[in-house]
Amino acid sequence: MLGRLILLFLLTPAVELALLIQVDRFIGFWPTIGLIVVTGLVGSHLARREGLSTWQRLTARLQRGDLPGTELADGILILVSGALLITPGILTDVFGFMGLVPLTRTPLRRLLMRWFRGKVEQGTLQVQMGAFGGGGSAPPESPAPHEDWQGQGQQVPDHTDDTEDSATA
């Protein structure tokens, strides 16, 4: 995993620099700078708009008592995509816009949720709490179940592709 991250952090800037040099040769220096600034501005506006929309859908779903799996996955994609768009570069902008535009975000969300589901089923999903993976406090002990409980359990919803349903509700 560490090797992949090092490769990513070394390879991505090199590819971005090569692409920016090629764009500079094709359209010129100032238009290239303008392109970087415009994609950053448009990306930040789009990230804000899509983030607010996703936040509204998430709160509406929580108020109905549903689990917001789709909205949480969209939120992750929007956050990462927004970060990619404010990073100067061509390749990061392409991936950033893919995560912000709903038409292309849907397949990315399906892929992300399939990856999470596979990790959960394999038992290899790790979540760390605390700053920089440091030791936070121990998880609280779960309370003993009440024997006089009269309620019923709720089925876990299937969040495969219910964005259209939540948008119309």
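This report describes two pockets and two helix packings in a predicted model.

## The largest pocket

The largest pocket has a volume of about 350 Å³, and its lining is made up of I76, L77, V80, S81, L84, F95, M98, G99, L108, L111, L112 and W115. Three elements, α3 (69–86), α4 (90–100) and α5 (102–122), each give two or more residues to this lining, and α3 gives the most, with five residues.

By class, the lining of the largest pocket holds 10 nonpolar and two polar residues, with no charged residue among them.

## The second largest pocket

The second largest pocket encloses about 280 Å³ of space, and the residues that line it are L7, L8, F9, L11, T12, P13, V15, L84, T87, L91, T92 and F95. At least two lining residues come from each of α1 (2–27) and α4, with α1 supplying the largest share, seven residues.

The lining of the second largest pocket divides into nine nonpolar and three polar residues, and no charged residue takes part. L84 and F95 are listed in the lining of the largest pocket and also in that of the second largest pocket.

## Packing of α2 with α4

Helix α2, residues 29–63, packs with α4 at an angle of about 20°, and the axes of the two helices lie 10 Å apart. Because of that angle, α2 counts as roughly parallel to α4, the limit for this description being an angle under 35 degrees. The crossing in which α2 passes α4 is left-handed.

On the α2 side the contact involves L35, T39, V42, G43, L46, A47 and E50, which meet I90, D93, F97 and L100 of α4. The residues of this contact comprise seven nonpolar, two polar and two charged.

## Packing of α1 with α4

α1 and α4 pack at an angle of about 105°, with 7 Å between their axes. α1 is therefore roughly perpendicular to α4, a description that covers angles of 65 to 115 degrees. From α1 the contact draws on T12, V15, E16, L19, L20 and V23, and from α4 on I90, L91 and T92; by class, these residues are six nonpolar, two polar and one charged.

Some residues of this contact also appear in the pocket lining described above. T12 and V15 of α1, together with L91 and T92 of α4, belong to the contact between the two helices and are likewise among the residues that line the second largest pocket. I90 of α4, in turn, takes part in the contact with α1 and in the contact with α2.

How values were computed:
Residues numbered from 1 in each chain as written. Predicted model: local features only at pLDDT ≥ 70, side-chain atom pairs only at ≥ 80, totals over all residues. Heavy atoms only, no water. 1 Å grid on protein atoms, 1.4 Å probe; cavity = no way out; pocket = protein on both sides within 12 Å on 5 of 7 lines; lining within 4 Å. Points joined across faces, edges and corners; volume = space filled by probe spheres on them. Helix = DSSP H or I, 4+ residues; strand = E, 2+ residues; numbered from the N terminus. Nonpolar A, V, L, I, M, F, W, Y, C, P; charged D, E, K, R; others polar. Axes fitted to C-alpha atoms, helices over the stretch in contact; angles between N-to-C directions. Parallel < 35°, antiparallel > 145°, perpendicular 65-115°, else oblique. Left-handed = near helix turned anticlockwise from the far one by under 90°. Contact = heavy atoms within 4.5 Å.
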